[in-house]
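Here's a quick briefing to read alongside the structure. Have a look at it first, then go through the points below.

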Amino acid sequence: MAKDSAFTDEESLELFACPNADCAMFNRFGSDNLSVVERMGKNKSIRRLYCDHCHKRFSERQGSLMQYTHLPQATVVRVIKCLTYGCSAEATADICEIDARSVQR
């Protein structure tokens, strides 16, 4: 039987590491110390992870550009592309149809 092409929660956790600087597993990717404990967000698409070593919980977005945003990922990618090509914050906000303060953050 062929394996489904979609990632399961356990397989995709290899891309994450514990962000707690006091943890012995800090920044050790694929070390099997993380598990998914709940899902958050409007569509339950953001996973909340748990470190078995330091017993801390954190969002999979922690430490990334997506950490404090409520914008869809596609919009954030579009904002980054606009800024990379040299568009101003105001022009980027107009192109992406968002508030200029969101671009500045």
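Let's start at a turn: strands S2 and S3 form a hairpin with five residues between them, and His55 in that turn has a positive phi of about 65°. Keep in mind that this is a predicted model. From the hairpin we can move out to the sheet, then to the cores and the cysteines.

**The sheet**

- S2 (residues 46-51) pairs with S3 in the antiparallel sense, over three bridges.
- Two of the residue pairs to look for here are Leu49 of S2 with Phe58 of S3, and Tyr50 with Arg57 of S3.
- On the other side of the story, S1 and S2 also pair in the antiparallel sense, this time over six bridges.
- Glu38 has Arg48 in S2 as its bridge partner.
- S1 and S2 make a hairpin too, with five residues between them, and Gly41 in the turn has a positive phi of about 95°.
- Put together, you get an open sheet of three strands in the order S1-S2-S3, with antiparallel pairing.
- S1 (34-40) and S3 (57-59) are the edge strands: each has a single partner strand, so one side of each has no neighbour in the sheet.
- From one strand to the next, the twist averages 30°.

**The nonpolar cores**

- Ten residues make up the largest nonpolar core, among them Leu13, Phe16, Met25, Leu34, Leu49 and Phe58.
- Cysteines belong to this core as well, namely Cys18, Cys23, Cys51 and Cys54.
- Leu49 is a handy residue to click on: leaving aside residues up to four places away in sequence, it touches Leu13, Phe16, Leu34 and Phe58, and its other contacts include Val36, Lys56 and Glu60.
- There's also a second, separate core of seven residues, including Val79, Ala89, Cys96 and Ile98.
- As background, nonpolar side chains in soluble globular proteins tend to be buried together.

**The cysteines**

- How many disulfides does a search of the whole structure find? The count is zero.
- Why is there no bond between Cys23 and Cys51? The closest cysteine sulfur to that of Cys23 is in Cys51, but at 3.8 Å it is too far for a bond, because a disulfide needs the two sulfurs within 2.5 Å.
- Cys87 is in a similar spot: its closest cysteine sulfur is in Cys82, 4.8 Å away and so too far for a bond.
- Is Cys23 buried or exposed? Its relative accessibility is 7%, so Cys23 counts as buried.
- Cys87, on the other hand, is partly exposed, with a relative accessible area of 27%.

Terms used. Residues numbered from 1 in each chain as written. Predicted model: local features only at pLDDT ≥ 70, side-chain atom pairs only at ≥ 80, totals over all residues. Heavy atoms only, no water. Core = buried A, V, L, I, M, F, W, Y, C linked by side-chain atoms within 4.5 Å. Buried < 20%, exposed > 50% of the residue type's maximum accessible area, 1.4 Å probe, protein only. Contact = heavy atoms within 4.5 Å. Pairing = 2+ DSSP bridges. Helix = DSSP H or I, 4+ residues; strand = E, 2+ residues; numbered from the N terminus. Axes fitted to C-alpha atoms, helices over the stretch in contact; angles between N-to-C directions.
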